[in-house]
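This report walks through selected helices and loop residues. Keep the sequence and the 3D view open while reading.

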Amino acid sequence: MKSLKSFALLGLAAVSSMGSIAAQAADDLTVYSYRQAFLVEPILEQFTKDTGIKVNVVFAKDGIAERIAREGRLSPADVVLTSDFSRLMELVEKDLVVDVKSDMLSSNIPEQYRSPDNDWYALTMRVRNVYSSKDRVGKLDLNYEDLASEQYKGKICTRSFKHPYNIALVASMIAHHGEAETKTWLEGVKANLARKPQGNDRAQVKAVKEGLCDVAIGNSYYFGKMLTDPKQKSWADAVYINFPNQKNRGSHINVSGMALAKFAPNKDNAIKLMEFLSSDVAQKSYAEVNMEYPVKADVAPSEMVASWGSFKADDLPIYKLAENHQAAVKLLDEVKFDL
């Protein structure tokens with residue numbers, strides 16, 4: 001009921017701001033987006049300016065997959081934009097997207113960051129970082145594996161490990177170490193928590209500033225968001241951002257992405273939009289506005305993000321996270337991590 005209600009409200013907002021989808025021109029595009037308006041709209045406006053193709057958008061925090069499934073062949077959705085990898089996998093698992101074969105997409109988006117079946121493509125990257133107290137800990141050279149060691153006893157803060165960001169991290173650990181070793185690691189990390197998992201990523205950094213814990217797990221772009229928010233800047237100023245596993249496999253990466261809806265009414269224009277979103281112009285906009293890392297290799301991150309230092313990314317193909325998703329959830333249930 002919650003997703004239906006949210007979509008009803010979102011539908012009214014979409015009509016008032018973008019015009020009725022039912023009344024749109026035959027070649028206009030409809031985008032269903034988990035990504036927020038402030039990030040998506042400037043890029044889509046540029047696409048319209050360059051191509052003359054208008055784009056109508058429905059924004060939602062959840063429920064997009066359910067909506068497309070309910071709409072079936074009558075769905076107006078052409079392209080779906082997701083805020084994380086798990087949303088992409090939900091669309092794939094429910095058979096709501098189709099493959100796109102495009103030389104431009106294959107050229108712009110590294111193989112590691114797209115589906116081997118061409119049914120989804122990453123747009124931006126973020127790192128699952130470890131933040132450390134400047135006063136009590138200092139800069140760290142650590143591995144994710146170290147978080148289970150005795151030195152971090154009672155010192156770690158994190159949001160729920162059932163959140164997609166952390167499930168993906170656990171899935172990557174399974175890919176590298178297997179289920180048995182990852183379960184032992186989870187038990188060690190849980191034993192080292194300063195408090196029960198709660199809040200969002202930024203709340204963990206705030207907890208470090210307030211002395212509730214010494215290290216916290218969080219995504220890279222939240223660091224930029226805190227630094228640019230006068231109310232939260234002091235939180236970010238109290239920590240160092242650390243990139244784990246730099247002497248071995250590299251830091252864990254998660255992605256936002258896009259996919260072509262299964263019953264897209266305007267497939268050709270939809271592919272043009274997807275290609276545009278992988279271009280230098282769009283990739284630079286993503287980098288500047290949301291402080292994420294462009295997935296296109298030759299597009300530089302924003303000046304602020306670059307100031308955090310370069311890092312080595314885990315070269316594990318993103319689709320491997322999907323292969324280990326259910327195993328990750330199973331292990332989290334077994335160790336009762338959030339309880």
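Which residues of H11 are buried? They are Asn269, Ala270, Ile271, Leu273, Met274, Glu275, Phe276 and Leu277. The model is predicted. Because 8 of the 11 residues of H11 are buried, the helix is largely enclosed by the rest of the structure.

**Helix pairs**

Two packed helices are described by the angle between their axes and the distance between the axes. Take H11 (residues 267-277) with H2 first. Their axes come within 11 Å and cross at roughly 120°. H2 and H11 are therefore oblique to each other. The crossing of H2 past H11 is right-handed. On the H2 side, Ile43, Leu44, Gln46, Phe47 and Asp50 make the contact. Their partners in H11 are Asn269, Lys272, Leu273, Phe276 and Leu277. Among these partners, Asn269, Leu273, Phe276 and Leu277 also belong to the buried set of H11.

Now H7 with H15. Their axes come within 10 Å and cross at roughly 45°. That angle makes H7 oblique to H15. H7 also passes H15 in a right-handed crossing. H7 contributes Glu179, Thr182, Lys183, Leu186, Glu187 and Lys190 to the contact. H15 contributes Ala327, Lys330, Leu331, Leu332, Glu334 and Val335.

H15 spans residues 325-335, and its buried residues are Ala327, Ala328, Val329, Leu331, Leu332 and Val335. Which helices do these buried residues pack against? They pack against H6 (164-177) and H7 (179-191).

**Helix H3**

H3 covers residues 64-71. Its buried residues are Ile64, Ala65, Arg67 and Ile68. They cover an arc of only 160° around the axis, which puts them on the same side of H3. An α-helix has 3.6 residues a turn, so residues three or four places apart point the same way.

**Positive phi values**

Most residues other than glycine have a negative phi. Several residues here take a positive one. Gly72 does so just after H3, with a phi of about 60°. Lys336 does so just after H15, at about 50°. Asn118 is a residue other than glycine with a positive phi, near 65°. Asn118 sits in the loop between H5 (103-108) and E5 (121-133). Met291 is another such case, with phi near 55°. Met291 sits in the loop between H12 (280-290) and E10 (293-294).

Are Asn118 and Met291 buried or exposed? Asn118 is buried, with a relative accessible area of 17%. Met291 counts as buried too, at 9%. The cut-off for buried is under 20%.

**Single residues and their surroundings**

The table sets out some further residues by position and accessibility.

| Residue | Location | Relative accessible area |
|---|---|---|
| Arg35 | loop between E1 (29-33) and H2 (37-51) | 6%, buried |
| Ser220 | H9 (residues 220-227) | 0%, buried |
| Lys247 | loop between E8 and E9 | 70%, exposed |
| His252 | loop between E8 (239-242) and E9 (253-261) | 3%, buried |

Start with Arg35. Its side chain joins that of Glu292 in a polar contact of 2.9 Å. Leaving aside neighbours within four places in sequence, Arg35 is in contact with residues including Val40, Phe59, Leu81, Thr124, Arg126, Tyr286 and Asn290.

Lys247 and His252 lie in the loop between E8 and E9. What sets them apart is accessibility: Lys247 is exposed at 70%, whereas His252 is buried at 3%. The side chain of Lys247 makes a polar contact of 2.9 Å with the side chain of Asp141. The C-alpha atoms of Lys247 and Leu142 are 8.8 Å apart, although 105 residues separate them along the chain.

What does His252 touch, not counting residues up to four places away in sequence? Its contacts include Arg126, Val127, Arg128, Tyr144, Tyr165, Asp314 and Leu321.

Ser220 has contacts beyond its sequence neighbours as well. Not counting residues up to four places away, Ser220 touches Arg126, Val127, Asn129, Tyr131, Ile241, Tyr293 and Trp308. The C-alpha atoms of Ser220 and Val239, 19 residues apart along the chain, are separated by 12 Å.

One name recurs in these contact lists. Arg126 is in contact with Arg35, with His252 and with Ser220.

Terms used
Residues numbered from 1 in each chain as written. Predicted model: local features only at pLDDT ≥ 70, side-chain atom pairs only at ≥ 80, totals over all residues. Heavy atoms only, no water. Buried < 20%, exposed > 50% of the residue type's maximum accessible area, 1.4 Å probe, protein only. Helix = DSSP H or I, 4+ residues; strand = E, 2+ residues; numbered from the N terminus. Arc of directions from axis to C-beta. Contact = heavy atoms within 4.5 Å. Polar contact = N/O pair within 3.5 Å; in protein donor to acceptor, adjacent residues only side chain to side chain. Axes fitted to C-alpha atoms, helices over the stretch in contact; angles between N-to-C directions. Parallel < 35°, antiparallel > 145°, perpendicular 65-115°, else oblique. Left-handed = near helix turned anticlockwise from the far one by under 90°.
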